[in-house]
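Q: Hi! I'm new to this one and would like a friendly walk through it. Could you take my questions as they come?

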Amino acid sequence: MKLDTNEILQWTGAVFIVAGHSLNAVGPEAYPYNILTFFIGTILFLAWTIRVANKPQMIVNAVGILVCIGGLVKAFG
């Protein structure tokens, strides 16, 4: 089975998003690493959506990135 760039971006993004949810389940002590993990996953998914021209998902990912940036600014000042 040969993985192409799109598959790698999707699966790596999925791993980071699942990791972000797992960190959320840990509780407040995972803050701000949960946000950083979601940010990385969302960047990977955005790269994939640009490659495959999935415009609705691009919007979702762009908004997600903005929300994550807001959280990171709050966390790290």
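Q: What phi does Ala53 take just after H2?
A: Ala53 takes a positive phi, of about 55°. Keep in mind as we go that this is a predicted model.

Q: Good to know. Let me zoom out, then: how many helices and strands are there?
A: There are three helices and zero strands. Read from the N terminus on, the order of elements is α-α-α.

Q: And what box do the C-alpha atoms fill?
A: Along the principal axes, that box is roughly 40 × 25 × 15 Å.

Q: How much of the protein is buried?
A: Of its 77 residues, 32% are buried. On the outside, the protein exposes about 5,100 Å², and carbon and sulfur atoms supply 72% of that area.

Q: Back to H2. Where does it run, and which residues in it are buried?
A: Helix H2 covers residues 33-52. Its buried residues are Asn34, Ile35, Thr37, Phe38, Phe39, Gly41, Thr42, Leu44, Phe45, Leu46, Trp48 and Thr49.

Q: What covers them?
A: The cover over the buried residues of H2 includes H1 and H3.

Q: Why would you say the span of H2 agrees with what a helix should have?
A: H2 has 20 residues, and at 1.5 Å a residue they should span 28 Å. Its end C-alpha atoms are 29 Å apart, so the two values agree.

Q: Nice. Which residues form the largest nonpolar core?
A: That core has 12 residues: Leu9, Ile17, Ile35, Phe38, Phe39, Leu44, Phe45, Leu46, Trp48, Ile65, Cys68 and Leu72. The elements giving two or more residues to this core are helix H1 (5-26), H2 and helix H3 (55-76). H2 gives the most, with seven residues.

Q: Can we pick a couple of those? What does Phe45 touch?
A: Leaving aside neighbours within four places in sequence, Phe45 is in contact with Gln10, Gly13, Ala14, Ile17 and Asn61.

Q: And Cys68, what is that one in contact with?
A: With the same kind of neighbours within four places left out, Cys68 contacts Ile35, Phe38 and Phe39.

Q: Now Thr49: why does that residue count as buried?
A: Thr49 has 0% relative accessibility, and buried means under 20% relative accessible area, so Thr49 qualifies. This residue is found in helix H2. Beyond its neighbours within four places in sequence, Thr49 is in contact with Asn54, Gln57, Met58 and Asn61.

Q: What about the surface? Which residues make a nonpolar patch there?
A: Tyr33, Leu36 and Ile40 make one, of about 270 Å².

Q: Why is Leu36 called partly exposed?
A: Its relative accessible area is 33%, and partly exposed lies between the 20% limit for buried and the 50% limit for exposed, so Leu36 fits there. Leu36 lies in helix H2.

Q: Which helix holds Val26, and how far is Val26 from Val63?
A: Val26 is found in helix H1. From C-alpha to C-alpha, Val26 and Val63 are 25 Å apart in space, with their positions 37 residues apart in sequence. Val26 is partly exposed, at a relative accessible area of 47%.

Q: Last one: among contacts between residues at least 6 apart in sequence, how many join residues at least 24 apart?
A: The share is 57%.

Technical notes
Residues numbered from 1 in each chain as written. Predicted model: local features only at pLDDT ≥ 70, side-chain atom pairs only at ≥ 80, totals over all residues. Heavy atoms only, no water. Helix = DSSP H or I, 4+ residues; strand = E, 2+ residues; numbered from the N terminus. Contact = heavy atoms within 4.5 Å. Patch = residues over 30% accessible without salt bridge, like charges linked within 9 Å, V, L, I, M, F, W, Y side chains within 5 Å. Areas by Shrake-Rupley, 256 points an atom, 1.4 Å probe, with all protein chains shown as cover. Salt bridge = Lys/Arg side-chain N within 4 Å of Asp/Glu carboxyl O. Buried < 20%, exposed > 50% of the residue type's maximum accessible area, 1.4 Å probe, protein only. Core = buried A, V, L, I, M, F, W, Y, C linked by side-chain atoms within 4.5 Å. Expected span 1.5 Å × (residues − 1).
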